[in-house]
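Please look over the sequence and the structure shown below before reading on. The report that follows is meant for a reader who has not met this structure before.

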Amino acid sequence: MLKRLHEPNDRKMVTIYFEGRPLEVPAGETVSAAILAAGTDYTRTSAISTVHRAPYCQMGICFECLMEIDGIPNRQACMIAVREGMKVSRQYGARGLSDEVSV
Amino acid sequence: MEYADFLVIGGGVIGSAVACGLLRKNHSVTLLDEGGETLNASLANFGLVWVQGKGQGSRRYAEWCHEASELFPEYVQQLQTETGIDLAFRKPGGLVLCHGDAEYQKREKVLERLKNESRFGSYNCSMLGRQEIQQMLPTLTLGPGITGGSYSPHDAYLNPLALLKALHKSFGLGGGNFSSGTAATNIRYEQGRFLVSTQRGEFSAAKIVLAAGNAITRLAAMVGMRVQVHPEQGQLMVTERVRPVLSIPISGIQQTAEGSFIVGLSNRDVGFNTDTDSKLMKQMAMRVVNAFPALASLTIVRSWSSLRVLSEDGLPIYQQSESCPGAYAVTAHSGVTLAPQHQRAIADWIADDVQPDEFESFSTRRFDVEKIA
């Protein structure tokens, strides 16, 4: 869905996992940009209507980019930079109270 | 110049309910609202239909709230059927949680007083121990500091934004004339008619209803009434959406139909100030976490403050002007809870001069110092 303007040739790369699948992404990129560039058409299902949603504003105010990152649900993927070994999953609906896993 | 039988100034939950009530009596009604950045309690409240604990020292007010709660389920049904808007109204009763023994005893005294002041010596709200409350909340564990609380079957909650939207829609469907962005700057009473000046021109009406929240004092003075209100700040926070775990409204904590938790209960006298205060947020958050430790991990998404509209004794004011008969003042801080009363009994009073029982309890004459002496 998203295509980088410049190939990350000289950038340091890190490995993150999206829904268990390893991805090589440039260090310093936001999780939302990295996931979208890797090619997916949705990053969460909404809490009420369960429709497929994807990041929108990319600046932390729309809350469309909510994903589960390193065991913590409902994190704004556009506000978090990728980190070596990071585990990213879609946020499926609303979180439960005990969904948070300590890391 | 626009003319209507009735002109209601203030399109919040009180003005809108009164306007809808007047429309139902086949009158032409114009509803004016300032719009814009108005300090609008109707859009920033907790959404409670609350009876327990209210009316200490005023039996009539306690009953007024109870009557409203009894009317509410059918009132919601009617509004939903007419507008197609879901108000997310649920009436499982409501809880007030007590942290520690001192709070428990204080709450117990409040209920005792209300019971003694009640007409039949009964008051349908009881103290519950910690175990009993925990049994009512099987999916949420109480924190160790909760000693018990009070429960009343009369309490309920709804989505206050949906309520206001439904009232506005009902008003439109009923043929009412709604003008937003229209602040009333002056009111004249001439030859038995009211002339209201606004930025959008002049409006005239046989009768006017002032329901302008904290702006009512200035307007009331123009038609010979002394309606003294002052703002009291309340601050709230809302969390990320969570799967349903709490289906009973608690004073200071509730989970909306969409899954967010709205939390907070505060009252500060800071004038016309709706700034949020992070120290206060922290205090309120700690209280929530002490009540339900499992909520500690939730992210706060938004916080806001709004201003309650309080009369000198905190009770509603329903008053007709003596020097300008046909001008009415309607103000209360429980605009959500009292919506059925405002749409029915109060509209009946304004349109047909049918007064509810013991209506003097809500008159401004109760503030006349000379009379008390």
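What follows describes the interior of chain B, the packing of some of its helices, and two single residues.

The model is a predicted one, and the account begins with its nonpolar interior. The largest nonpolar core has 50 residues, and among these the ones that touch the most other members are Leu22(B), Tyr318(B), Val330(B), Ile346(B) and Ile350(B). The elements of chain B that give two or more residues to this core are the strands β1 (2-9), β2 (29-32) and β17 (327-331), together with the helices α1 (13-23), α2 (59-83), α5 (160-173) and α9 (345-352). Another core lies apart from this one and has 27 residues, including Leu97(B), Leu128(B), Ile133(B) and Leu246(B).

Tyr318(B) gives a closer view of the surroundings of one core residue. Leaving aside residues up to four places away in sequence, Tyr318(B) touches Trp64(B), Ala329(B), Val330(B), Leu338(B), His342(B), Ile346(B), Trp349(B), Phe359(B), Phe362(B) and Ser363(B).

Helix α1(B) deserves its own paragraph. Of its 11 residues, 11 are buried, so α1(B) is largely enclosed by the rest of the structure; among these buried residues are Val13(B), Gly15(B), Ser16(B), Cys20(B) and Leu23(B).

Two packed helices are described by the angle between their axes and the distance between the axes. The table sets out these values for three helix pairs.

| Helix pair | Angle between axes | Axis distance | Source |
|---|---|---|---|
| α1(B) and α9(B) | about 60° | 8 Å | |
| α2(B) and α5(B) | roughly 60° | within 9 Å | |
| α1(B) and α5(B) | roughly 30° | within 9 Å | |The crossing of α1(B) and α5(B) comes out at roughly 30°, which makes α1(B) roughly parallel to α5(B), and this crossing is left-handed. In the contact, Val13(B), Ser16(B), Ala17(B), Ala19(B), Cys20(B) and Leu23(B) of α1(B) meet Leu163(B), Leu164(B), Leu167(B), His168(B), Ser170(B) and Phe171(B) of α5(B). By class, these residues of α1(B) and α5(B) comprise nine nonpolar, three polar and no charged.

With α9(B), helix α1(B) packs at about 60°, and the two are therefore oblique to each other, in a right-handed crossing. Val18(B), Gly21(B) and Leu22(B) from α1(B) make this contact with Ile346(B), Ala347(B), Ile350(B) and Ala351(B) from α9(B), and the residues involved divide into six nonpolar, one polar and no charged.

Helices α2(B) and α5(B) are likewise described as oblique to each other, while their crossing is left-handed. On the side of α2(B) the contact is made by Tyr75(B), Leu79(B), Glu82(B) and Thr83(B), and on the side of α5(B) by Leu163(B), Ala166(B), Leu167(B), Lys169(B), Ser170(B) and Leu173(B). This contact of α2(B) with α5(B) includes two charged residues, beside six nonpolar and two polar ones.

Two single residues complete the account. Arg60(B) lies in helix α2 of chain B, and with a relative accessibility of 5% Arg60(B) counts as buried, because buried means under 20%. Residues up to four places away in sequence not being counted, Arg60(B) touches Glu67(B), Pro356(B), Asp357(B), Glu358(B), Ser361(B) and Phe362(B).

In chain A, Ala37(A) is found in helix α1 (residues 31-38), and is partly exposed, with a relative accessible area of 23%. Ala37(A) and Arg4(A) are 33 residues apart in sequence, yet 6.8 Å apart in space from C-alpha to C-alpha. Ala37(A) touches both Leu2(A) and Arg4(A), again without counting residues up to four places away in sequence.

Key:
Residues are numbered from 1 along each chain as its sequence is written. Chains are lettered from A and ligands numbered from 1 in the order in which they are written. This is a predicted model: local features need pLDDT of at least 70, side-chain atom pairs count only at pLDDT 80 or more; totals for chains, interfaces and linings use all residues. Side-chain values use heavy atoms; hydrogens and water are left out. A nonpolar core is a set of buried Ala, Val, Leu, Ile, Met, Phe, Trp, Tyr and Cys residues joined through side-chain atoms within 4.5 Å. Buried means under 20% relative accessible area, exposed over 50%, partly exposed in between (1.4 Å probe, protein chains only). Helices (H or I, at least four residues) and strands (E, at least two) are DSSP runs, numbered from the N terminus. Contact means heavy atoms within 4.5 Å. Axes are lines fitted to C-alpha atoms, for helices over the stretch in contact, and angles run from 0 to 180 degrees between N-to-C directions. Angles under 35 degrees count as roughly parallel, over 145 as roughly antiparallel, 65 to 115 as roughly perpendicular and the rest as oblique. A crossing is left-handed if the near helix is turned anticlockwise from the far one by less than a right angle, and right-handed if clockwise. Ala, Val, Leu, Ile, Met, Phe, Trp, Tyr, Cys and Pro count as nonpolar, Asp, Glu, Lys and Arg as charged, and the others, Gly among them, as polar.
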